[in-house]
Structures are given as structure tokens and as C-alpha cells.
Amino acid sequence: VRVAVLISGAGSNMAALVDAAGESDAPYEVVLVLSNKAEAGGLTVAEAKGVPTAIVDHAAFGKDRAAHEQAIQTVLEAHHVEVVALAGYMRLLTPFLVGRWAGRMLNIHPSLLPKYPGLDTHARAIAAGDAEAGCTVHLVTEGVDDGPVLGQAVVPVQPDDTPAALAQRVLAAEHQLYPQALARFCRTPD
Ligand code: GRF
């Protein structure tokens, strides 16, 4: 299955997906890493791993989200992409792109959804006194951090946790969960 990974930042989840795709029994290959930011660190990481990259800078399209998403769609089609994996892609998508990829677009979110959609998930879990935090891979629908759950991983919250420490622990779990969930999805998409 031909997968594109969309990023905006460091791309550590993208790197985990690319590395897992290198295993002999992997059911997917990462054919494209696309960023909406030219300065995303993950672009360099992808290039070093030999994965084609593209930049579709949202700033070039002003407020025209549909035009930005159409430009993304054109690049995805040019690479014959079959499944899109959002990995730290920090821009909300409109029904334009979500609709075109319905059932074929995945996201990873750093909380145990349906708890804490949106930002600052780790600070919110700590403030709530939660004993457990974690991450979720889900299909992307029009709602933010909504959509059918494909997999979750749980990590403990420590008594003296900071958001940064918890984020690091959850991120390590993300790197395990996302390749597994994507592989399972590619083997049995329905
Ligand atoms: C991850 O925690 C992801 O769940 C969240 O943003 C972070 C991206 O990290 N949406 P990276 O770019 O994959 O390193």
C-alpha cells in the first residue's frame, strides 16, 4: 500500500513509520513525506532516509484553505498515494480533503481519545489527576480528533510528572503504536 505521511514538525512518528516500512513483512511503503512548513525538521529526516519529500506551504495560499488542500491533493495523486497518515500535521483539514480520503486517512493523537481532543493534552491529563495517559490512532473524519479508533497505547502518569516528561513517555509509545496500527489497517482496511 502506497502511504504518504503529512507532517509539520520534527517528524519522529514519520521516522518510525518509515523505519517499520523497511521490515520485510511490511504491508505498506512510505512513498512521500509532505509538509506544510518548509522548516519542518522531519523533511531532512525523510531525505536522509531516501523518502521523496514535498512542501506545500499554506502561507502561499493565504486564507484559501481549499486551494491549499487542492495543491496537496495534486501532489498526492502525482505520487499515486493510497493511504494518508497524518503525523504531527498541525493544520486543520476541511471537508475538501477529508472527504476525498474518507476511510483512507489516519491520524495519531497524544491522548486516550475521546479524552482531550485538541492541544495541550499532557498538561490537561496532569491537571485532571489522571493515573493514565496515552495515544490514539484513528481514522480522520470531519470532527477534530474524532473518528473511529484503530488503536490505543496506555502509559502511566507519574506522581511528579511535568507535561514535557509525560509527552516524552507518550511519544515513545506513539512510535510503537502508529506503525502497528498502520500495518494492521493496510492488511485489513475494512
Ligand atoms: C505527536 O505527539 C503527535 O501525536 C502530535 O504531535 C506530535 C508530533 O511529533 N499530534 P512528531 O512530529 O511525530 O515528532
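**Close-up views of Arg91, Met90 and Lys115**

**View 1. Arg91 lies in the loop that runs between β4 and α4.** In this predicted model, Arg91 has 15 other C-beta atoms within 10 Å and is therefore partly exposed. When its neighbours within four places in sequence are left aside, the residues in contact with Arg91 are Ser8, Asn36 and His58.

**View 2. Met90 is placed in the loop between β4 (83-86) and α4 (95-100).** Because 13 C-beta neighbours are found inside 10 Å, Met90 counts as partly exposed. Apart from neighbours within four places in sequence, Met90 is in contact with Ser8 and Gly9, and Ser8 also appears among the contacts of Arg91.

**View 3. The UniProt record, in an unreviewed entry, gives the feature "binding site" at a set of positions that includes Met90 and Arg91.** The other positions that the UniProt entry lists under this feature are Arg65, Leu92, Leu93 and Asn107. Of the residues named in the record, Met90 is the subject of the second view, where its place in the loop between β4 and α4 is given, and Arg91 is the subject of the opening view, where it is likewise assigned to the loop between β4 and α4.

**View 4. Lys115 is found in the loop between β5 (105-109) and α5 (121-127).** With 15 other C-beta atoms within 10 Å, Lys115 is classed as partly exposed. Lys115 and Ala125 are separated by 10 residues in sequence, while the distance between them in space, taken from C-alpha to C-alpha, is 8.7 Å.

Technical notes:
Residues numbered from 1 in each chain as written. Predicted model: local features only at pLDDT ≥ 70, side-chain atom pairs only at ≥ 80, totals over all residues. Helix = DSSP H or I, 4+ residues; strand = E, 2+ residues; numbered from the N terminus. Buried ≥ 20, exposed ≤ 12 C-beta atoms within 10 Å, placed from the backbone. UniProt positions renumbered as here; feature names shortened; annotations may be inferred. Contact = placed C-beta atoms within 7 Å.
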